[in-house]
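User: Could you zoom in on one part of this model for me, and then walk me outward from there? Plain bench talk is fine.

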Amino acid sequence: MSGSQHTCNAEGCDKAATLQCPTCLKLEVKAASYFCSQECFRSSWAAHKAAHQVSNPKATYNPFPSYAFTGPLRPVYPLSPRRDVPAAIARPDYADSTRGSSRMEESYGNAQIQCMTAAEIATMRQVCRLGREVLDVAARAIRVGATTDSIDRAVHDATVARNAYPSPLNYYLFPKSVCISVNEVVCHGIPDQRKLEDGDIVNIDISLYKDGLHTDLNKTYFVGTVDDVAKRLVRTTRECLQRAIDMVRPGVRYRDLGAVIEAHARANGFSVVRTYCGHGVGKMFHSAPNIPHYAKNKAIGIMKPGHVFTIEPMINEGSCYDQTWKDDWTVVTTDGKRSAQFEHTILVTDDGHEVLTRRLPDSPKSQLA
């Protein structure tokens with residue numbers, strides 16, 4: 001502590017101050033960082049925290065320093081400002097909601113599974129192709145040293161360039177245009193200033209809205225050189241998805257998909273996340289049916305032509321259990337071990353299925369080949 005005199009920086013207080021903001025100390029921010037008491041510090045926090053966002057590399061910080069993280073990953077703030085979507089682009093009903101809530105989803109409840117018309121299916125094919133194009137843009141932005149925020153920017157720009165709205169943005173107040181989940185993050189990771197490191201695995205979850213319909217897909221990628229366990233985890237997860245897709249045809253019960261997924265995951269020494277599931281997608285971001293990825297679930301519904309839904313197993317290296325960071329979004333494994341995920345949007349046809357978000361001829365080469 002410096003021996004020079006400082007005045008309290010709380011508004012309306014001019015008392016001598018000896019307490020210094022701990023975040024300012026860590027970031028080496030000296031201006032406006034002294035307070036005479038904890039009371040003045042707390043009352044000034046909302047305005048004072050802006051002093052932490054200075055233009056130097058030390059301005060990044062962990063917003064939850066007292067949180068008991070389960071693994072080595074940490075959030076790296078500040079988040080970049082919310083990205084704009086041109087007013088001319090049609091947006092879902094939650095885009096401008098102060099709660100981020102979808103009136104359509106909330107009024108829908110547990111209604112019957114919707115069958116798309118031929119016209120809706122044709123539009124859905126186009127929207128899903130755009131989603132795949134955006135995922136491929138994100139894949140090409142993955143490299144050691146890239147921040148997850150820079151990938152969010154690439155996804156956002158690619159989405160609006162296609163006159164589409166990035167579905168995650170403001171969905172129940174999610175602050176970004178894509179979910180990016182690294183290592184022990186199971187799902188719903190918020191892009192921030194963390195740089196990708198050699199050996200990471202990273203899931204990119206793309207959703208966009210255009211012409212009244214949403215699409216949804218994701219994939220887990222390797223960053224640089226990964227270890228053999230990571231390779232086996234990611235490969236197994238992709239195989240779990242494919243085994244479930246192979247079952248899709250009219251007459252199959254939605255509850256039956258989980259058994260084949262869990263059997264393959266367990267046979268390879270991994271576990272299946274039970275908290276989150278696949279779902280219907282189209283006019284709403286999330287709708288019936290619910291599709292658990294584990295055995296002996298109680299999901300209702302039988303597949304019929306015209307049903308459109310996602311299968312998106314989350315497979316963990318260790319325990320199947322998860323918890324959520326204090327940002328209320330980032331879901332992590334409770335043991336800090338890695339998690340992988342793959343997702344496709346699928347249409348049930350008269351005699352089988354169609355993967356609407358399948359790879360394109362110019363998609364980046366698979367890392368699992």
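Analyst: Let's start at strand β12, residues 314–316, which is joined to β15 by three bridges, with the two running antiparallel. Keep in mind that this is a predicted model. If you want a spot to click on, take Met 314, which sits opposite Gln 341 of β15. Zoom out a little and you'll see an open sheet of three strands, ordered β8-β12-β15, with antiparallel pairing. The edges of that sheet are β8 (271–272) and β15 (339–341), each of which pairs on one side only. As for what holds strands together in general, a sheet pairs through backbone hydrogen bonds, in either a parallel or an antiparallel way.

There's another antiparallel pairing to look at, between β4 and strand β6 (residues 201–210), this one over four bridges. Here Ile 180 faces Ile 204 in β6 across the pairing. The side chains of β4 (residues 179–182) are worth a look too: Cys 179 and Ser 181 point one way, Ile 180 and Val 182 point the other way, and all are buried.

Ile 180 also leads us to a hole in the model. The structure holds one cavity of 30 Å³ or more, and the volume of the largest cavity is about 140 Å³. It has 17 lining residues, and those nearest its centre are Leu 73, Ile 180, Ile 190, Asp 192 and Trp 325. By type, the lining splits into 10 nonpolar, three polar and four charged residues.

From the cavity, follow Asp 192 over to Asp 149: the two are in contact, and Asp 149 also touches Ser 80, Arg 83, Lys 176, Pro 191 and Gln 193, leaving aside neighbours within four places in sequence. Asp 149 belongs to helix α5, which covers residues 148–161. Is Asp 149 buried or exposed? It counts as buried, because its relative accessible area is 6% and the cut-off for buried is under 20%. Its side chain has a polar partner as well, making a contact of 3.5 Å with the side chain of Lys 176.

Just past α5, in the loop between that helix and β3 (165–166), you'll find Asn 163. Its phi is near 55°, a positive value in a residue other than glycine. Leu 173, in the loop between β3 and β4, has a positive phi too, about 70°, and is not a glycine either. Leu 173 is partly exposed, because its relative accessibility is 45%, which falls between the 20% and 50% cut-offs.

The backbone has a couple of cis peptide bonds to check as well. One joins Tyr 77 and Pro 78, with omega about 10°, and Pro 78 sits in the loop between α2 and α3. Another runs from Ala 288 to Pro 289, with omega near 5°; Pro 289 is part of strand β10, residues 287–291.

Last stop: Ala 59, which is also in the loop between α2 (38–48) and α3 (103–108). Ala 59 counts as buried, because its relative accessibility is 5%. Along the chain, Ala 59 and Asp 328 are 269 residues apart, while their C-alpha atoms are 23 Å apart in space.

Note on methods:
Residues numbered from 1 in each chain as written. Predicted model: local features only at pLDDT ≥ 70, side-chain atom pairs only at ≥ 80, totals over all residues. Heavy atoms only, no water. Buried < 20%, exposed > 50% of the residue type's maximum accessible area, 1.4 Å probe, protein only. Polar contact = N/O pair within 3.5 Å; in protein donor to acceptor, adjacent residues only side chain to side chain. Contact = heavy atoms within 4.5 Å. 1 Å grid on protein atoms, 1.4 Å probe; cavity = no way out; pocket = protein on both sides within 12 Å on 5 of 7 lines; lining within 4 Å. Points joined across faces, edges and corners; volume = space filled by probe spheres on them. Nonpolar A, V, L, I, M, F, W, Y, C, P; charged D, E, K, R; others polar. Pairing = 2+ DSSP bridges.
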